[in-house]
Amino acid sequence: MIRRNLLKLTVAAAALSMAAGQALAQDAAAAEPVVIGVSIPSATHGFMGGLNWHAQQTIDRLGAANPNVTFVLATAGDAAKQVADIEDMLATRDIDGLVVLPFESEPLTDPVKQVKAAGKFVTVVDRGLAEEGIEDLYVAGDNTAFGRVAGEYFRDNLKAGGKIVVLRGIPTTLDNERVEAFQAALEGSDKQILDMQHGNWNRDDAFNVMQDYLAKYPEIDAVWAADDDMAVGVLEAIAQAGREDEMVVVGGAGMKEIVKRIMDKDPQLPVNVTYPPALISSAIEMTALHFMSDAPMAGRYIIGSQLITPENAERYYFPDSPF
Amino acid sequence: MTAPVLALSAVTRRFGEIEVLHGVDLALQAGEVHALIGENGAGKSTIMKILGGFLQPTTGQVLLDGEPAAYRSGPAAEAAGIVVIHQEFNLVPDLSVAANIFLGREITRGPRLDHKAMADAAAALLARLDTPIRPGALIRDLSVPDRQMVEIAKALSRRARVLIMDEPSAALTRREVESLYAQVDRLRAEGVALLFCSHRLDEVARLADRITVLRDGSVVGRAVRGEMTEDGMATAMVGRELSDIFPAKAASFGDELLRVDHLNVAGAVPVRDATLTLRHGEVLGIAGLVGSGRTELAEAIAGLRRSDGRISVRGAPTQIGSPADAARAGIAYLTEDRKEAGLLLDKPLTQNLTLAALGSFGFRIDAAREAAAMADATRDFDIRAASPDMQAGSLSGGNQQKLLLAKTMLTEPRIVIIDEPTRGIDVGTKQQIYRFVRSLAAEGRGVIVISSELPEVMGLADRVLVMRQGRIAGEVAGDAITEENIVRLAMGVAGGAGGAGSTRQDETRKEPA
Amino acid sequence: MTRRIDFHLLGPLVALIGLFILGALLNPAFLAPANLSNVLARSAFIGLIAVGMTFVITQGGLDLSVGSMAAFLAGAMIMVMNWLAPITGENWSTILIGMAAALLGGVLAGWVNGALVTKARIEAFIVTLGTMGIFRSLVTWLADGGTLSLDSGLRGLYRPVYFSGIGWITWPIIVFAAVAILGEWLMRHTRFGRHVEAIGSNDRVARYSAVDVERVRLQTYVLLGALVGLATILYVPRLGSASGSTGVLWELEAIAAVIIGGTALKGGRGRVWGTVVGVLILSLIDNILNLADIVSPYLNGAIQGIIIVLAVVLQREKRPAEV
């Protein structure tokens, strides 16, 4: 398995993309037209919104640079719609390659397998399929690292006996992986997890849950919000209770407003953990490269989760992204 | 005499504190038609519900073939061969006639419904009833009389030993009534025991082999065929001599109150070129067969249907495009469909009473004034109700009609159109309603009465318009108001009408220049 | 005659009192004014919408679009205020214009729903299912897939509208109480309320009684739209943001509250007080489940479901034995 960090991958992909652009510019006339389908969940929350934005940006950029590459972007509100999207792409748009972020693993496995069986190039992003070996290329974030990095931060930086409350996401395997890694990192330390409830990666839900935590526990030292959308709701509830000085909040995924506050050394927000929505860009770029260059594009790319600190925050700050 | 098929023995029934049946005995013989008559509230419905298994007696017994009956529900009674045709139809509007007839006992072939077998069987039943209803028609598209025929067909398909009918002819046209009577005769000959309730005493005299008269929950008279005249029945029901049921007609009328010129109404029965006038203090009758466009005409005048033509109230041309327009012009319409278009059955009496006239109770409804209006209406219209908070649906038919009348009068209309004023109402209440109608006219209002009961139109109206196939076929007034003249016009049979009054036939009528 | 007890109100009331006692027993923090204030203020959004929904359902209609409408109005309101801030300045007049925009938008949106139902004669379910999707997409589009955030200066000024009030009785609670009282008065004591019930009970009877059925129906949708606008005015100062995930499933919560409260889903019987009780039941369940560790958070939905069904079972009328 190849492991690289996000920056290296992006730089590499960008370089390749430029190279491809040039290669293409050189013999544009000879180039075969290529259609690449991109199927992702619709922008129902901040992270997915960011992912949609990055996907669109990448498509616009690559499409402008390479006139013979056409992209077909479809966003789906549920797994069934996504299956239908992919079937349509195969049947009516005659795609040569597919980039897919499966809504759910099981229902999407078979349709994607059909695409592969039709001889197309398949890139799977972030959520693996239920069956191994279907995709040519796998690009994903690291959920275990996402939970572990946050847990390790608390283990190493919280005062002895520190009390932590956790806001979980929508109950899914992904959420479980993160939370289990978080707990494992704290195992054996003297830090204590008081409570874990679902905030569903939603600002309003997180606000409500945090209000109730604050009513329930007179003493809280740290909040793991596991997602920056939830962190926003959490911060507001803490401000309402006037307990800003008591506890630190660690979110996740690097929302630009949160990263900005880390850059500005906000004591309430010491760090953040990356889970970059830009990974879709890498996946699309690498898929396009497969058709435009001779570079072999295959394998598994796991983009590790990094700790954003006031020192390195600038590198993770994208003011134009909606997320 | 053989043992009765079904009998009640010393049956009493209480609802809470109130005993509504006091030791009733009743015996239904095979091959005999038994009529149960009495005023609304006399206990007829309760008896039918007990016989049909829907209610249990408080004391006393139901005997089936001489043995205490075991059934405790409607379906169980049906399984025992006792079928009830309710006055409120028990049909599913969105299913076909055939599907309704076989609802719950569908004919199947394997897991699949045998549509053809059911349609054929339904067609046979309907043919037996001599009615042109198609088995594939949807109930929702059928008229009320057609629905009644479907109910009867459904009962026939149940192979009843005992058939209980509540007002079977109330909604039927003449021709259908005849075919109903023929069916009753046939079933009697087949050995079925029949029991029916009816407010039509002529029907009772025509059909019943045995009559039981009920008053206030007790049997007050029994007779076999021929022993009791219609007058005798009426007297026994109300417990007093009935003077002339219709009040005296008016001697003179005021000025023209309503004028309708060349009104056309679109619809299933299109009304064409209807012209009529109504004067202050006049009761105008509209006769004609069911489906001749009477209701359509009335609803157009009341703003409930789109129409073109001219309507003038007190000489002033009036645009009537909605019920609210009609209300402003002082026109009120009492629907024939009391339960579906007249009253909110699940709402208290008071809310029903004031619904059409809420505008006069302020934006914030003045509860005290509303209660006072209810008290007045209860007194003026003799509404017999346990409490103004009870639901309108639990009133008897006669009291519902009085409530509807009171509701309409609260808007203080100048022109009152009443469609079928006494459908399903007992003879005592009928008389009351006739008096109300006449007193409305005496107060200077104009009243239009639409009725399928000829005696009613003849007894009540000062002048009668007869409709046929969507047109006003003619008009009779004064002594010319005879059954023969009206029927001739209604049937389109031309011929010499006579009498001291006037008869006019549309075909020969000349328009004024 | 004994005084008739209204089971439609008694059932939910019993459930509410039961929940209250349960909450107090499970955690003393439950009764703290701060917690009660939180719960009541949170209830206000759904509460305002549910009061309006009571009228729509009572006349025999339905509105599935309210959650999306709230999100759309919140987004539009934020954009209006952000756009105005440089022109009119970061002051109350800007916020007041924003509020007016939200209210006006709500009235317009309600009018569109109502007009499609009454003038175009399309089933309410279909109309509002359609507008639900439209409003949801519009807010996602306005936010470019991400989150719309209110200008920080305005936000500071506007924030107290959610968080302060008279002591711990915050503005959302006051507004909710006022609307509930007004709603009950409107339903119980005015011609409008009487007409709404009559139409739901039997629209043919209402038409034959010279009630302008279509106009009254339209008015209920407009009223609901205005109340959604009002809810938005109270929602925006809380987190100062709106996104595609704002107000998700609010429509179902509002409908559930209305039904728990004893209003008949088929129309004809409206209980505004009952709706208030229903709303409080729903938010108390959430609060108590967060405050007490009685069940796995995975089962929260099941507990809610059981209580909703129980509340409705309790309100069944004991009918006399009649056919």
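**Exercise 1. In this predicted model, find the partner with which C:Arg159 forms a salt bridge, and then describe the interface of chain A and chain C.**

Solution. Step 1: the partner of C:Arg159 is A:Glu236, and the closest N and O atoms of the two residues are 2.7 Å apart, which lies inside the limit because a salt bridge requires the nitrogen and the carboxyl oxygen to be within 4 Å.

Step 2: across the interface of chain A and chain C there are four salt bridges, and 15 residue pairs are in polar contact there.

Step 3: on the side of chain A that touches chain C, at least two residues each come from α2, β8, α7 and α8 of chain A, and the largest share, nine residues, is that of α7(A). Sorted by class, this side holds eleven nonpolar, eleven polar and nine charged residues.

Step 4: the contact involves 31 residues of chain A and 33 residues of chain C, and the two chains bury about 2,500 Å² between them, with 43% of that area on carbon and sulfur atoms.

**Exercise 2. Work out which residues of chain C and chain B take part in their contact, and how many there are on each side.**

Solution. Step 1: chain C contributes 25 residues and chain B contributes 32 residues, while the buried area is about 2,500 Å², of which 56% is given by carbon and sulfur atoms.

Step 2: three salt bridges cross this interface, and one of them joins B:Lys347 to C:Glu197 at 3.6 Å from N to O. The residue pairs in polar contact between chain C and chain B number eleven.

Step 3: the helices α8, α9 and α10 of chain C each supply at least two residues of the side that touches chain B, and α9(C) gives the most, with seven residues.

Step 4: to complete the picture of the three chains, chain A and chain B do not touch, for their nearest C-alpha atoms are 32 Å apart, and of the two pairs of chains that touch, chains A and C have the most contacts.

**Exercise 3. Check what span helix α4 of chain A should have, and find which of its residues are buried.**

Solution. Step 1: the helix runs over residues 105-117, and at 1.5 Å a residue its 13 residues should span 18 Å, which agrees with the 18 Å between its end C-alpha atoms. The product is taken with one less than the number of residues.

Step 2: the buried residues in α4(A) are A:Leu108, A:Thr109, A:Pro111, A:Val112 and A:Val115. In an α-helix there are 3.6 residues a turn, so residues three or four places apart point the same way.

Step 3: these buried residues pack against α3, β4 and β5 of chain A, and after the helix comes A:Gly119, which has a positive phi near 85°.

**Exercise 4. Explain which parts of chain A are tied together by the salt bridge of A:Arg61 and A:Glu285, and decide whether each residue is buried or partly exposed.**

Solution. Step 1: the side chains of A:Arg61 and A:Glu285 come to 2.6 Å, N to O, in their salt bridge. A:Arg61 belongs to helix α2 and A:Glu285 to helix α10 of chain A, so the pair ties together parts that are 224 residues apart in sequence.

Step 2: A:Arg61 has a relative accessibility of 42% and therefore counts as partly exposed, whereas A:Glu285 has 5% and is therefore buried, because buried means under 20%.

How values were computed
Residues are numbered from 1 along each chain as its sequence is written. Chains are lettered from A and ligands numbered from 1 in the order in which they are written. This is a predicted model: local features need pLDDT of at least 70, side-chain atom pairs count only at pLDDT 80 or more; totals for chains, interfaces and linings use all residues. Side-chain values use heavy atoms; hydrogens and water are left out. Contact means heavy atoms within 4.5 Å. Buried area is the accessible area (1.4 Å probe) that two parts lose on being put together, summed over both. A polar contact is a pair of N or O atoms within 3.5 Å; within protein, one must be able to donate a hydrogen and the other to accept it, and residues adjacent in sequence count only if both atoms are side-chain atoms. Helices (H or I, at least four residues) and strands (E, at least two) are DSSP runs, numbered from the N terminus. Ala, Val, Leu, Ile, Met, Phe, Trp, Tyr, Cys and Pro count as nonpolar, Asp, Glu, Lys and Arg as charged, and the others, Gly among them, as polar. Buried means under 20% relative accessible area, exposed over 50%, partly exposed in between (1.4 Å probe, protein chains only).
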